[in-house]
Amino acid sequence: MIGFDLWLAFFGLIIITFISRGLFLLMGDKFHISESIHEFLRYAPTAALIAIILPEIIFTKNTAHFYELNVWSPQLFGGIAAVIGFLFTKSMLATIFIGMTIFTAARFLL
Amino acid sequence: MYLKIVGQSPAFFEGLKAMAEPAFALIAWSIVTNIALLSAGLSAFHTFWFNILVYAGSAQLAVIPLIVGDYPLWTIWLTALIVNSRFVIFSAALQPYFKKYSFVQKLGIGYVNGDIVFVKFLDRFPIPKHGNKAEIQLFYFLGLALGNWLAWQFGVLLAIAFETQIPGSWGLGFAGTLALVALVIPTIKNKTALVSALMAALTCVLTVNLPYRLTIVCSVIAGVLAAAWMDHVISKVAR
């Protein structure tokens, strides 16, 4: 895709960013989010992060690009080390450092 | 005028500062995402504008094979819409905070939202404030959003400048994932949050191979429903 078509694709994608991220903000008068519904929506961000993190930790991608459960991978060891590291240090940089150290070590050893 | 008010607000800088640590994750992801765009064949010039204009990391990554492969426009747009569907739920969660602003302002607020912005914002303001203190919510949000934007675009520039010198073997993407681990654990504060998180994790495992990264929106729905269910159970026991 080149030239005009590419910019047209970008233009449509801008509109999609606006629509998807703004939908309920913009429709505030028609679809009111009640306090009780908001109470539960507060749990949405954690759920989204988990769904972003988990596939990178307990799965590996096979040759057909499908995720396969893998409980013996450098990622899993790195991930577990990161969780423990965070619980002890409460620091993001320490968490990354501990996780990456174990991940890298496991890549050489496994 | 309005920019000056925002610029003088402590809440704005508090938000900007709150992005300092997660910025590392964002830069790492941005580099990984944009190296993928560049190596798929998008030029540096187009990659730059793609990020400035569309500003939707996961959706950009999902549509790039379709763009390169000359697929019909509607398939590109539909794919982006589905990958972005989690943001529709996020926009519902943000609605009570920003009701009083104009249509155009709300359009802008939604546009600059991102996964980490959303997590940090709800962590700081779990319950919407109204009245004359309500503005600090917007200022804090804008601080987060600016930090998010800067970190992402910085990653774009690094990817363009050093595309060939950054080997995949560094595990840069994994470092970004680990940063998110440090971001997600403190949000699990009580029993309801724990059950919600476990339900989201289970749903993610079951739906991980769905196309269009639908596993994210499925997990969000499961997490929210689990929270509602837990609330119901707890109130029943209390009675």
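**Notebook: chain A and its contacts with chain B**

I began with α3(A), whose 14 residues should span 20 Å at 1.5 Å a residue; I found its end C-alpha atoms 20 Å apart, which agrees. I then looked up the burial of this helix and noted that α3(A) is mostly covered, with 14 of its 14 residues buried. I keep in mind that the model is predicted.

Confidence came next. I read a mean pLDDT of 93 for chain A, with 99% of the residues scoring at least 70. I compared the elements of chain A: the lowest mean pLDDT, 91, belongs to strand β1 (residues 59-61), and the highest, 96, to α4(A).

I turned to the domains. I recorded that chain A is divided into domain 1, residues 1-32, and domain 2, residues 44-109. I took the centres of these two domains of chain A over C-alpha atoms and found that 33 Å separate them.

Last, I examined the contacts between the chains. I noted 54 residues of chain A in contact with 74 residues of chain B. On the side of chain A that touches chain B, I found at least two residues from each of α1 (3-26), α2 (35-41), α3 (44-57), α4 (74-89) and α5 (92-109) of chain A. I asked which element gives the largest share of that side. I found that α1(A) does, with 17 residues. I also sorted the residues of the side of chain A that touches chain B by character, and they divide into 39 nonpolar, twelve polar and three charged.

Methods:
Residues are numbered from 1 along each chain as its sequence is written. Chains are lettered from A and ligands numbered from 1 in the order in which they are written. This is a predicted model: local features need pLDDT of at least 70, side-chain atom pairs count only at pLDDT 80 or more; totals for chains, interfaces and linings use all residues. Two residues are in contact if their C-beta atoms, placed from the backbone, lie within 7 Å. Helices (H or I, at least four residues) and strands (E, at least two) are DSSP runs, numbered from the N terminus. Ala, Val, Leu, Ile, Met, Phe, Trp, Tyr, Cys and Pro count as nonpolar, Asp, Glu, Lys and Arg as charged, and the others, Gly among them, as polar. pLDDT is the predictor's confidence in each residue, from 0 to 100. The expected span of a helix is 1.5 Å times one less than its number of residues. A residue is buried if 20 or more other C-beta atoms lie within 10 Å of its own, exposed if 12 or fewer, and partly exposed in between; C-beta atoms are placed from the backbone. Domain bounds come from an automatic or database domain assignment.
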